[in-house]
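Please work through the following exercises with the sequence and the model in view. Each task is followed by a solution that proceeds step by step.

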Amino acid sequence: MTKYVLTVTCNSTRGIVAAISGFLTDHGCNITDSAQFDDPETGKFFMRVSFVSEEGATLDALQADFTPVASPFGMDYAFHDEAVKMKVVIMVSRFGHCLNDLLYRWRIGALPIDIVAVISNHTEYQKVVENHDLPFHHIPVTKENKPVAEGEIMDVVRDTGAELIVLARYMQILSDEMCQKMSGRIINIHHSFLPSFKGANPYKQAFQRGVKLIGATAHYVTADLDEGPIIEQDIVRITHAQSAADYVSLGRDVEAQVFARAIHAHIHHRVFQNGNKTIVFPASPGGFASERMG
(Lines give C-alpha, C1' and ligand atoms only; values in the text may rest on other atoms or scores of the structure.)
Protein backbone atom coordinates (compact mmCIF):
# COMPACT_ATOMS: atom_id res chain seq x y z
CA MET A 1 0.00 0.00 0.00
CA THR A 2 1.34 3.41 -0.99
CA LYS A 3 1.72 5.98 1.79
CA TYR A 4 0.88 9.61 1.10
CA VAL A 5 0.77 12.94 2.93
CA LEU A 6 -1.77 15.68 2.23
CA THR A 7 -1.07 19.23 3.40
CA VAL A 8 -3.78 21.89 3.39
CA THR A 9 -3.86 25.61 4.18
CA CYS A 10 -6.96 27.76 3.80
CA ASN A 11 -9.22 30.19 5.59
CA SER A 12 -10.96 28.65 8.57
CA THR A 13 -14.57 27.59 8.11
CA ARG A 14 -16.85 24.71 8.90
CA GLY A 15 -16.73 21.46 6.93
CA ILE A 16 -13.05 21.30 5.95
CA VAL A 17 -12.17 18.16 7.89
CA ALA A 18 -15.36 16.43 6.79
CA ALA A 19 -14.66 17.25 3.15
CA ILE A 20 -11.10 15.92 3.33
CA SER A 21 -11.93 12.73 5.22
CA GLY A 22 -14.88 12.06 2.95
CA PHE A 23 -12.72 12.46 -0.14
CA LEU A 24 -10.09 10.04 1.18
CA THR A 25 -12.74 7.49 2.13
CA ASP A 26 -14.33 7.70 -1.31
CA HIS A 27 -10.92 7.05 -2.90
CA GLY A 28 -10.19 3.94 -0.86
CA CYS A 29 -7.71 5.59 1.51
CA ASN A 30 -7.24 5.03 5.23
CA ILE A 31 -6.01 7.88 7.46
CA THR A 32 -3.11 6.83 9.71
CA ASP A 33 -2.18 10.18 11.26
CA SER A 34 -3.84 13.59 11.26
CA ALA A 35 -3.02 16.97 12.77
CA GLN A 36 -4.76 20.32 12.40
CA PHE A 37 -4.61 23.84 13.78
CA ASP A 38 -7.08 26.70 13.55
CA ASP A 39 -5.34 30.03 14.19
CA PRO A 40 -7.83 32.51 15.70
CA GLU A 41 -5.47 35.45 15.12
CA THR A 42 -5.06 34.99 11.36
CA GLY A 43 -8.24 33.05 10.64
CA LYS A 44 -6.14 30.42 8.88
CA PHE A 45 -6.59 26.65 9.01
CA PHE A 46 -3.70 24.20 8.68
CA MET A 47 -3.91 20.42 8.30
CA ARG A 48 -1.56 17.53 7.63
CA VAL A 49 -2.94 14.06 6.93
CA SER A 50 -0.98 10.83 6.50
CA PHE A 51 -2.87 8.03 4.78
CA VAL A 52 -2.45 4.80 2.85
CA SER A 53 -4.04 4.05 -0.48
CA GLU A 54 -5.69 0.65 -0.07
CA GLU A 55 -7.21 0.57 -3.54
CA GLY A 56 -4.29 1.80 -5.64
CA ALA A 57 -5.10 5.50 -5.97
CA THR A 58 -2.18 7.27 -7.65
CA LEU A 59 -0.69 10.62 -6.73
CA ASP A 60 -1.76 12.18 -10.04
CA ALA A 61 -5.32 10.91 -9.66
CA LEU A 62 -5.59 12.21 -6.10
CA GLN A 63 -4.22 15.61 -7.14
CA ALA A 64 -6.70 15.92 -10.01
CA ASP A 65 -9.74 14.57 -8.20
CA PHE A 66 -9.18 16.77 -5.15
CA THR A 67 -9.61 20.03 -7.05
CA PRO A 68 -13.44 20.13 -6.80
CA VAL A 69 -13.13 19.51 -3.04
CA ALA A 70 -10.47 22.19 -2.53
CA SER A 71 -11.98 24.95 -4.67
CA PRO A 72 -14.99 25.88 -2.49
CA PHE A 73 -12.65 26.34 0.49
CA GLY A 74 -9.88 28.10 -1.43
CA MET A 75 -7.40 25.46 -0.27
CA ASP A 76 -3.69 25.62 -0.96
CA TYR A 77 -2.90 21.91 -0.96
CA ALA A 78 -0.36 19.31 -2.02
CA PHE A 79 -0.13 15.51 -2.03
CA HIS A 80 3.24 13.88 -1.35
CA ASP A 81 4.45 10.31 -1.76
CA GLU A 82 6.23 9.37 1.48
CA ALA A 83 8.56 7.02 -0.41
CA VAL A 84 10.04 9.88 -2.46
CA LYS A 85 12.97 11.51 -0.66
CA MET A 86 13.33 15.27 -0.90
CA LYS A 87 16.32 16.48 -2.91
CA VAL A 88 18.57 18.64 -0.75
CA VAL A 89 21.61 20.86 -1.36
CA ILE A 90 23.86 21.41 1.66
CA MET A 91 25.93 24.60 1.84
CA VAL A 92 28.84 24.97 4.25
CA SER A 93 31.82 27.23 4.92
CA ARG A 94 34.56 26.45 7.47
CA PHE A 95 32.57 25.14 10.46
CA GLY A 96 31.84 21.48 9.73
CA HIS A 97 29.91 20.23 12.76
CA CYS A 98 26.47 20.54 11.18
CA LEU A 99 27.64 19.11 7.86
CA ASN A 100 29.24 16.09 9.54
CA ASP A 101 26.16 15.51 11.67
CA LEU A 102 23.86 15.63 8.63
CA LEU A 103 26.09 13.25 6.67
CA TYR A 104 26.05 10.78 9.56
CA ARG A 105 22.28 10.93 10.00
CA TRP A 106 21.84 10.58 6.23
CA ARG A 107 24.22 7.62 6.08
CA ILE A 108 22.42 5.64 8.82
CA GLY A 109 18.97 6.49 7.46
CA ALA A 110 17.91 8.72 10.35
CA LEU A 111 17.47 11.66 7.97
CA PRO A 112 15.82 10.29 4.81
CA ILE A 113 16.88 12.87 2.23
CA ASP A 114 18.51 12.73 -1.19
CA ILE A 115 21.66 14.87 -0.93
CA VAL A 116 22.19 15.98 -4.52
CA ALA A 117 25.11 18.37 -3.90
CA VAL A 118 27.29 20.01 -1.28
CA ILE A 119 28.39 23.58 -2.06
CA SER A 120 31.12 25.48 -0.23
CA ASN A 121 33.00 28.71 -0.64
CA HIS A 122 36.06 26.86 0.72
CA THR A 123 37.63 23.44 0.12
CA GLU A 124 38.15 22.11 3.68
CA TYR A 125 35.34 19.56 3.41
CA GLN A 126 35.75 18.49 -0.21
CA LYS A 127 37.41 15.18 0.68
CA VAL A 128 34.84 14.41 3.39
CA VAL A 129 32.00 14.98 0.95
CA GLU A 130 33.58 13.05 -1.90
CA ASN A 131 34.34 10.14 0.45
CA HIS A 132 30.56 9.89 0.85
CA ASP A 133 30.26 9.64 -2.96
CA LEU A 134 28.47 12.99 -3.08
CA PRO A 135 29.13 15.79 -5.58
CA PHE A 136 31.10 18.72 -4.17
CA HIS A 137 31.01 22.19 -5.73
CA HIS A 138 33.59 24.80 -4.76
CA ILE A 139 32.09 28.21 -5.47
CA PRO A 140 34.25 31.01 -4.01
CA VAL A 141 32.42 34.19 -3.01
CA THR A 142 33.85 37.71 -2.93
CA LYS A 143 32.26 41.15 -2.97
CA GLU A 144 33.14 41.44 -6.62
CA ASN A 145 31.81 38.07 -7.83
CA LYS A 146 28.84 37.54 -5.52
CA PRO A 147 26.11 37.84 -8.20
CA VAL A 148 28.03 35.42 -10.43
CA ALA A 149 28.61 33.00 -7.53
CA GLU A 150 24.92 33.00 -6.61
CA GLY A 151 24.12 32.34 -10.26
CA GLU A 152 26.36 29.27 -10.11
CA ILE A 153 24.67 28.14 -6.91
CA MET A 154 21.24 28.47 -8.50
CA ASP A 155 22.52 26.55 -11.54
CA VAL A 156 23.37 23.65 -9.23
CA VAL A 157 19.93 23.87 -7.61
CA ARG A 158 18.22 23.88 -10.99
CA ASP A 159 20.35 21.13 -12.55
CA THR A 160 19.89 18.79 -9.57
CA GLY A 161 16.20 19.51 -9.11
CA ALA A 162 16.86 20.41 -5.48
CA GLU A 163 13.76 21.23 -3.43
CA LEU A 164 15.57 22.47 -0.30
CA ILE A 165 18.80 24.28 0.55
CA VAL A 166 20.21 23.87 4.05
CA LEU A 167 22.83 26.32 5.27
CA ALA A 168 25.05 24.15 7.48
CA ARG A 169 26.95 27.14 8.87
CA TYR A 170 27.37 28.74 5.44
CA MET A 171 28.85 32.10 6.38
CA GLN A 172 27.76 34.20 3.43
CA ILE A 173 24.71 36.48 3.34
CA LEU A 174 22.35 35.50 0.54
CA SER A 175 20.95 38.20 -1.72
CA ASP A 176 17.33 39.33 -1.49
CA GLU A 177 16.77 37.92 -4.98
CA MET A 178 17.93 34.44 -4.02
CA CYS A 179 15.91 34.52 -0.79
CA GLN A 180 12.79 35.40 -2.77
CA LYS A 181 13.39 32.75 -5.45
CA MET A 182 13.80 30.06 -2.80
CA SER A 183 11.26 31.38 -0.32
CA GLY A 184 10.30 28.68 2.17
CA ARG A 185 13.00 26.39 0.77
CA ILE A 186 16.14 27.55 2.57
CA ILE A 187 16.81 26.63 6.22
CA ASN A 188 19.55 28.27 8.29
CA ILE A 189 21.04 27.42 11.69
CA HIS A 190 22.78 29.74 14.14
CA HIS A 191 23.24 30.37 17.84
CA SER A 192 20.30 31.88 19.70
CA PHE A 193 22.12 34.81 21.27
CA LEU A 194 20.98 37.16 18.52
CA PRO A 195 20.53 40.09 18.52
CA SER A 196 23.22 40.00 21.25
CA PHE A 197 26.80 38.91 20.61
CA LYS A 198 26.87 39.61 16.90
CA GLY A 199 29.96 39.14 14.78
CA ALA A 200 33.02 37.06 15.52
CA ASN A 201 33.37 34.65 18.44
CA PRO A 202 29.81 34.87 19.81
CA TYR A 203 30.48 32.07 22.30
CA LYS A 204 33.54 33.86 23.65
CA GLN A 205 31.43 36.99 24.06
CA ALA A 206 28.77 34.94 25.87
CA PHE A 207 31.43 33.44 28.15
CA GLN A 208 32.74 36.88 29.02
CA ARG A 209 29.24 37.97 29.97
CA GLY A 210 28.55 34.87 32.07
CA VAL A 211 25.64 33.61 30.00
CA LYS A 212 23.86 30.66 31.64
CA LEU A 213 21.95 29.33 28.62
CA ILE A 214 23.27 28.42 25.20
CA GLY A 215 20.78 27.84 22.42
CA ALA A 216 20.33 27.36 18.70
CA THR A 217 17.70 28.49 16.22
CA ALA A 218 16.76 26.98 12.87
CA HIS A 219 14.62 29.16 10.63
CA TYR A 220 13.59 29.79 7.06
CA VAL A 221 15.79 32.32 5.30
CA THR A 222 14.27 35.63 4.25
CA ALA A 223 15.67 38.95 3.06
CA ASP A 224 15.67 40.05 6.72
CA LEU A 225 18.93 38.62 8.04
CA ASP A 226 18.39 35.92 10.69
CA GLU A 227 14.76 37.00 11.17
CA GLY A 228 12.90 34.39 9.12
CA PRO A 229 10.11 32.19 10.53
CA ILE A 230 11.52 29.96 13.27
CA ILE A 231 11.15 26.20 12.83
CA GLU A 232 13.02 24.74 15.80
CA GLN A 233 14.96 25.90 18.88
CA ASP A 234 16.62 24.35 21.91
CA ILE A 235 18.92 25.26 24.79
CA VAL A 236 21.50 23.74 27.14
CA ARG A 237 22.34 25.05 30.61
CA ILE A 238 25.89 25.97 31.57
CA THR A 239 27.60 26.97 34.81
CA HIS A 240 30.37 29.24 36.00
CA ALA A 241 32.70 26.23 36.07
CA GLN A 242 32.68 25.79 32.30
CA SER A 243 35.24 27.36 30.02
CA ALA A 244 34.91 29.32 26.79
CA ALA A 245 35.87 26.12 24.94
CA ASP A 246 32.99 24.30 26.68
CA TYR A 247 30.63 26.99 25.44
CA VAL A 248 31.75 26.37 21.87
CA SER A 249 31.47 22.58 22.20
CA LEU A 250 28.01 22.69 23.73
CA GLY A 251 26.91 25.28 21.19
CA ARG A 252 27.97 23.10 18.29
CA ASP A 253 26.11 20.11 19.72
CA VAL A 254 22.83 21.97 20.17
CA GLU A 255 23.15 23.58 16.74
CA ALA A 256 23.52 20.17 15.07
CA GLN A 257 20.55 18.70 16.93
CA VAL A 258 18.23 21.65 16.28
CA PHE A 259 19.23 21.77 12.61
CA ALA A 260 18.52 18.07 12.08
CA ARG A 261 15.12 18.33 13.77
CA ALA A 262 14.14 21.32 11.65
CA ILE A 263 15.14 19.58 8.42
CA HIS A 264 13.35 16.41 9.51
CA ALA A 265 10.15 18.34 10.11
CA HIS A 266 10.38 20.12 6.76
CA ILE A 267 11.04 17.03 4.65
CA HIS A 268 8.06 15.30 6.23
CA HIS A 269 5.84 18.28 5.40
CA ARG A 270 5.15 19.10 9.05
CA VAL A 271 6.01 22.80 8.79
CA PHE A 272 3.54 25.43 7.62
CA GLN A 273 4.42 29.10 7.31
CA ASN A 274 1.94 31.35 9.05
CA GLY A 275 3.02 34.91 8.38
CA ASN A 276 6.18 35.53 10.38
CA LYS A 277 5.66 32.33 12.37
CA THR A 278 5.40 28.63 11.63
CA ILE A 279 3.02 25.83 12.52
CA VAL A 280 5.06 22.69 13.24
CA PHE A 281 3.06 19.53 13.73
CA PRO A 282 4.88 16.97 15.92
CA ALA A 283 6.07 13.64 14.62
CA SER A 284 4.16 10.53 15.54
CA PRO A 285 5.29 8.59 18.66
CA GLY A 286 8.81 7.33 18.15
CA GLY A 287 10.02 10.47 16.40
CA PHE A 288 12.73 10.01 13.81
CA ALA A 289 12.68 6.21 13.93
CA SER A 290 8.92 6.05 13.54
CA GLU A 291 8.87 8.12 10.36
CA ARG A 292 11.99 6.46 9.01
CA MET A 293 10.50 3.00 9.28
CA GLY A 294 7.07 4.22 8.16
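The exercises below concern a predicted model, and they treat its sheets, the helices beside them, and its internal spaces.

**Exercise 1. Determine the strand order of the four-stranded sheet, and state why one side of β2 and of β4 is left without a neighbour.**

Step 1. The four strands form an open sheet, and their order is β2-β3-β1-β4. The pairing in this sheet is antiparallel.

Step 2. The edges are occupied by β2 (29-39) and β4 (76-81). Each of these has a single partner strand, so one of its sides has no neighbour in the sheet.

Step 3. On average, neighbouring strands of this sheet are turned by 10 degrees against each other, direction ignored.

Step 4. A single pair shows the arrangement in detail: β2 and β3 (residues 44-53) are joined in the antiparallel sense over 10 bridges. Within this pair, Q36 has M47 in β3 as its bridge partner.

**Exercise 2. Describe how helices α1 and α2 are placed relative to this sheet.**

Step 1. Helix α1 (residues 16-26) packs on the sheet and touches β1 (2-11), β2, β3 and β4. The direction of α1 makes about 15 degrees with that of β3.

Step 2. Helix α2 (residues 59-70) lies across β1, β2, β3 and β4. Its direction runs at about 160 degrees to β4.

Step 3. The record may now be consulted: an unreviewed UniProt entry lists residues 5-77 as "domain: ACT". Over residues 5-77 the chain is 32% helix and 41% strand, and the C-alpha atoms at the two ends are 10 Å apart.

**Exercise 3. Establish which strands stand at the edges of the seven-stranded sheet, and which helix lies across β5, β6, β7 and β8.**

Step 1. This open sheet has the order β7-β6-β5-β8-β9-β10-β11, and its pairing is mixed.

Step 2. The edge strands are β7 (136-138) and β11 (230-237), each of which pairs on one side only. From one strand to the next, the twist averages 20 degrees.

Step 3. An example of parallel pairing is given by β5 (residues 86-92) and β6 (residues 113-120), which are joined by seven bridges. In β6, A117 is the bridge partner of V89.

Step 4. The helix sought is α5 (residues 146-160), which lies across β5, β6, β7 and β8 (164-167). Helix α5 runs at about 160 degrees to β6.

**Exercise 4. Characterise the largest cavity and the second largest pocket by volume and lining.**

Step 1. With a threshold of 30 Å³ or more, the count comes to one cavity. The volume of the largest cavity is about 40 Å³.

Step 2. The residues lining the largest cavity are V141, K146, E150, I153, Y170, Q172, I173 and L174. By class, five of them are nonpolar, one is polar and two are charged.

Step 3. The second largest pocket holds about 960 Å³ of space. Its lining comprises 36 residues, of which R169, M171, H190, H191 and D226 lie nearest its centre.

Step 4. At least two lining residues of the second largest pocket come from each of β9 (186-191), α7 (202-208) and α8 (244-267). The lining of this pocket divides into 19 nonpolar, nine polar and eight charged residues.

Methods. Residues are numbered from 1 along each chain as its sequence is written. This is a predicted model: local features need pLDDT of at least 70, side-chain atom pairs count only at pLDDT 80 or more; totals for chains, interfaces and linings use all residues. Side-chain values use heavy atoms; hydrogens and water are left out. On a 1 Å grid over the protein atoms alone, a cavity is a set of points where a 1.4 Å probe fits but cannot get out, and a pocket is an open set with protein on both sides within 12 Å along at least five of seven lines; lining residues have an atom within 4 Å of a point. Grid points are joined across faces, edges and corners, and a volume is the space filled by probe spheres set on the points. Ala, Val, Leu, Ile, Met, Phe, Trp, Tyr, Cys and Pro count as nonpolar, Asp, Glu, Lys and Arg as charged, and the others, Gly among them, as polar. Two strands pair if DSSP finds at least two bridges between them. Axes are lines fitted to C-alpha atoms, for helices over the stretch in contact, and angles run from 0 to 180 degrees between N-to-C directions. Contact means heavy atoms within 4.5 Å. UniProt positions are given in the numbering used here, feature names are shortened, and annotations may be inferred rather than shown by experiment.
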